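Trainee: Got a minute? I'd like to go through this structure with you.
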Amino acid sequence: AYVEAIDKRVDSELAESHNAQRQSFWKDQKSRRILGDVLTYVLLTVLGIIWLLPIVWIFLESLNKNTAPFTDTFFPTQYSFDSYVTLFTQRNVLDFPRMFIIAVFTCIISVFFVLSVAYVMSRMRFHGRRFFMNFVLILGMFPGIMSVVAIYFILKAMGLTSSGTPILALILVYSAGTGAGFYVMKGYMDT
């Protein structure tokens, strides 16, 4: 009976010490996890500030009233919307509204072309699919400037080189070859 009492007492002491060790382990693991999370968020915050600082600086610099190329301060001290008013109203140097229209239509058409080609290449199986993908990959290795003369003659044959249709010609040229840039979207659709 005496031995059994001692065994029970030793077992209970071992169980208590084991529970204490387990609780301290979980507390240590929890504190390590919290410390890791805090350090991760601090690092991500610092990296986010480093990433956003140039964007904020460029935006604030676009509002700078001082148009001199060199200034004494990093951020502007006086702000004005004069540069934006000039950008949208004066068309003799830079016709920004026309360029913006070209960019918007090119983006819309390009996204449609890329999504269409990527969907077909990702979801459908047909004869010549692999050859087409390899052919487009090889064509992408050549610079676009090599086709300028051919593009000009095609536009001239279509009557798009006259003074009244440069916007349509630019939209057509900029968005015609974008379907060949489908590889990234195809990879996304494959997964």
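Mentor: Pocket terms come before pockets. On a 1 Å grid over the protein atoms alone, a pocket is an open set of points with protein on both sides within 12 Å along at least five of seven lines, set where a 1.4 Å probe fits; lining residues have an atom within 4 Å of a point. Volume is the space filled by probe spheres set on the points, which are joined across faces, edges and corners.

Trainee: How much space lies in the largest pocket?
Mentor: About 440 Å³. This is a predicted model: local features need pLDDT of at least 70, side-chain atom pairs count only at pLDDT 80 or more, and totals for chains, interfaces and linings use all residues. Residues are numbered from 1 along each chain as its sequence is written, and side-chain values use heavy atoms, with hydrogens and water left out.

Trainee: Which residues lie nearest the centre of the largest pocket?
Mentor: Gly144, Ser147, Ala176, Gly177 and Ala180, out of 15 lining residues. Helix 4 (129–139) and helix 6 (166–176) each give two or more residues to that lining. Helix 4 has the largest share, three residues. Helices here are DSSP runs (H or I, at least four residues), numbered from the N terminus.

Trainee: How many helices and strands are there in the protein?
Mentor: Seven helices and zero strands.

Trainee: And what share of the residues counts as buried?
Mentor: 14% of the 191 residues. Buried means under 20% relative accessible area (1.4 Å probe, protein chains only).

Technical notes: Buried < 20%, exposed > 50% of the residue type's maximum accessible area, 1.4 Å probe, protein only.
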